[in-house]
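Please walk through how this protein is built and how its ligand is held.

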Amino acid sequence: MIDFVGAGPGAADLITVRGAELLKNADVIIYAGSLVNPELLKYAKEGCKIYNSAQMTLEEVVSVMLDAEAKGLSTVRLHTGDPAIYGAIREQMDILDEHNIKYDVCPGVSSMFGAAAALRAEFTLPDVSQSVIVTRMAGRTPVPESESIESFAAHNATMVIFLSAGMTEELSKRLINGGYAPDTPAAIVYKATWDDEKVLKTTVKDLHKTAEENGITKTALILVGGFLGDKYDRSKLYDPHFSHGFREGKKD
Ligand code: SAH
């Protein structure tokens, strides 16, 4: 059995209870060493074989899994944040399918939620934005043309941008070209929930300056939108005059 497990954004106690149990019982752990907190390996039982996938190819990762499977051992593949976001798990699962090997996925806390917590922010504020766009700039991995930063910026919604901390100059220009006002609030959250976390509040126009001044080029999220500002409407759900299935609203 193979379990793909979300390690959470950084702090070792942000793995799920289920994820920690799977780690404790694993005979083999393959962890994404570039971003997974090595402190999580304290859960590994004695004799557990541990591999750092930062130095491995897909073929090498799968070969460790197949080998463990042939010996009847259980494997945890530990991915940073939640495996469904830029986790490259699909290609692993497809090969396991070809070999008729069973696997499961245990979700994790994505760094986008670690960053929201670090900012004490809510992504979805009434009358500001009710949508969250999760995207990245094209790097060595291309982004489909129909998903340009400009096209998303036109919505003026909440935007969370992964894998782009080294490209803030171009990002800032494209966000403004797409339709965000230059003084739209923005933030850079570096290593959310790690001990050396940095939370930098800025604006779309000053994104690059902020990244440069703080020496940030990787392991950071860029967050953009009015949700980082001061204006919003109260929720309907908790409005004293609003009725719903669980509560009768006041009449006055
Ligand atoms: N699956 C992961 C994302 C992996 S892609 C998740 O759900 O969070 C790697 C990118 O995620 C990094 O380049 C960075 O943009 C972001 N990232 C991962 N961990 C982070 C953290 N603790 N703080 C800020 N950004 C982080």
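In this predicted model, 11 residues of domain 1 make contact with 11 residues of domain 2. The two parts are domain 1, covering 2-106, and domain 2, covering 111-228. Their C-alpha centres are 29 Å apart.

Where does the ligand sit? The ligand is found in the largest pocket. Both domains take part in its surroundings: domain 1 (2-106) and domain 2 (111-228) each supply at least three residues to the shell around the ligand.

That shell can be described by residue type and by distance. Its residues comprise 11 nonpolar, 5 polar and 2 charged ones. There are 18 residues around the ligand, and those that come nearest are Pro 9, Ile 85, Ser 111, Ala 192 and Ala 220.

Three of these residues can be followed down to the atoms. Ile 85 places a backbone N or O atom 2.7 Å from a nitrogen atom of the ligand. Ala 220 also uses a backbone N or O atom, which lies 2.8 Å from an oxygen atom of the ligand. With Ser 111 the side chain is involved: one of its polar atoms lies 2.7 Å from an oxygen atom of the ligand. Each of these pairs falls within the 3.5 Å cut-off for a polar contact between N or O atoms.

How much of the ligand's accessible area does the protein cover? On its own the ligand has 540 Å² of accessible area, and the protein covers 94% of this.

Methods: Residues numbered from 1 in each chain as written. Predicted model: local features only at pLDDT ≥ 70, side-chain atom pairs only at ≥ 80, totals over all residues. Heavy atoms only, no water. Near = heavy atom within 4 Å. Polar contact = N/O pair within 3.5 Å; in protein donor to acceptor, adjacent residues only side chain to side chain. Areas by Shrake-Rupley, 256 points an atom, 1.4 Å probe, with all protein chains shown as cover. 1 Å grid on protein atoms, 1.4 Å probe; cavity = no way out; pocket = protein on both sides within 12 Å on 5 of 7 lines; lining within 4 Å. Sits in = over half its atoms within 2 Å of the grid points. Nonpolar A, V, L, I, M, F, W, Y, C, P; charged D, E, K, R; others polar. Domains from an automatic or database assignment. Contact = heavy atoms within 4.5 Å.
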